Amino acid sequence: LPHPPREPVVDSIRVLVADDHELVKQALVALLEQDPAIDAVWQVSTVSEAIDGVVRHRPDVLILDIEFPPSAHSGIQMDVFHAAEEIRRLNPSTRIVIISGKSDDYYIESALRVDARGYVSKSDSPEHVVNAVHSVVRGKGYFSPTILERIKVVRNGAKKVRSELLTEREWDTLGYLAEGNSKKEIAQLMGVSVKTVEKHTQSIMDKVDIHDRVKLSNWFNREKEMGH
């Protein structure tokens, strides 16, 4: 029997670390420099420096802190996601790995939208950062456990966060639930039967994998604050 094809061995990986927290940045740099496959590690502290650093060094991987405050670049105020789009335009070969202390669906959805290849939660083990670097240079995605549990893969293979799976009617139902309305009250407000409200509620719980009404309301309120 023929042997399965081996994954290509990648060495001389070049990484740019962009984080405005000096302690976190230095820890990431030290961690990455221990890996013999990583040839060079550069570091920057602002969104603008991240864009300039990608243009100057052409890194294979950019590790980008999602919580960067906006900063001006070429006269344009940019947040992290606008910067990621600009980086993808200027050097499409640089793979972006997001690191963050935030794991709300809004942030994950935004990262997927700008074609980030990886997303590592700061609450997960640091080794996931190194794993992410190796995975994305091989053309694969990488999401640490805390992030992966919030992502679902739909039929066409696309990655969706849980909030993207809800229909408009389910969002309406969830909004009324979060306000403390009973299912009977929601049925009256929406002009549907109680059975339909129960069906919407069960579908919501299955899609977002939250089966407690209080926790579901808290999740809705967080997502609403984020812009959903």
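Trainee: In which sense do strand β1 and β2 pair, and over how many bridges?

Mentor: In this predicted model, β1, residues 13-18, pairs with β2 in the parallel sense, and the pairing extends over six bridges. One position to inspect is V15, which stands opposite V41 in β2.

Trainee: What is the strand order of the sheet?

Mentor: The order is β2-β1-β3-β6-β7-β8, an open sheet of six strands with parallel pairing. Its edge strands are β2 (38-44) and β8 (142-143), each of which pairs on one side only.

Trainee: Which strands does helix α3 lie across?

Mentor: Helix α3, residues 80-90, lies across β3 (61-65) and β6 (95-100), and runs at about 170° to β3.

Trainee: How should the packing of α2 and α3 be read, and at what angle do they pack?

Mentor: An interhelical angle is read against a cut-off: under 35 degrees counts as roughly parallel. Helix α2 (residues 47-57) and α3 pack at about 10°, with their axes 10 Å apart. The two helices are therefore roughly parallel to each other.

Trainee: Which residues of α2 and α3 meet?

Mentor: From α2 come V47, A50, I51, V54 and V55; they meet V80, A83, E86, I87 and L90 in α3. By class, the residues of this contact divide into nine nonpolar, no polar and one charged.

Trainee: What percentage of the chain's residues is buried, and how many helices and strands are there?

Mentor: Of the 228 residues in the chain, 45% are buried. The chain has ten helices and ten strands. Among contacts between residues at least 6 apart in sequence, 64% join residues at least 24 apart.

Methods. Residues numbered from 1 in each chain as written. Predicted model: local features only at pLDDT ≥ 70, side-chain atom pairs only at ≥ 80, totals over all residues. Heavy atoms only, no water. Pairing = 2+ DSSP bridges. Helix = DSSP H or I, 4+ residues; strand = E, 2+ residues; numbered from the N terminus. Contact = heavy atoms within 4.5 Å. Axes fitted to C-alpha atoms, helices over the stretch in contact; angles between N-to-C directions. Parallel < 35°, antiparallel > 145°, perpendicular 65-115°, else oblique. Nonpolar A, V, L, I, M, F, W, Y, C, P; charged D, E, K, R; others polar. Buried < 20%, exposed > 50% of the residue type's maximum accessible area, 1.4 Å probe, protein only.
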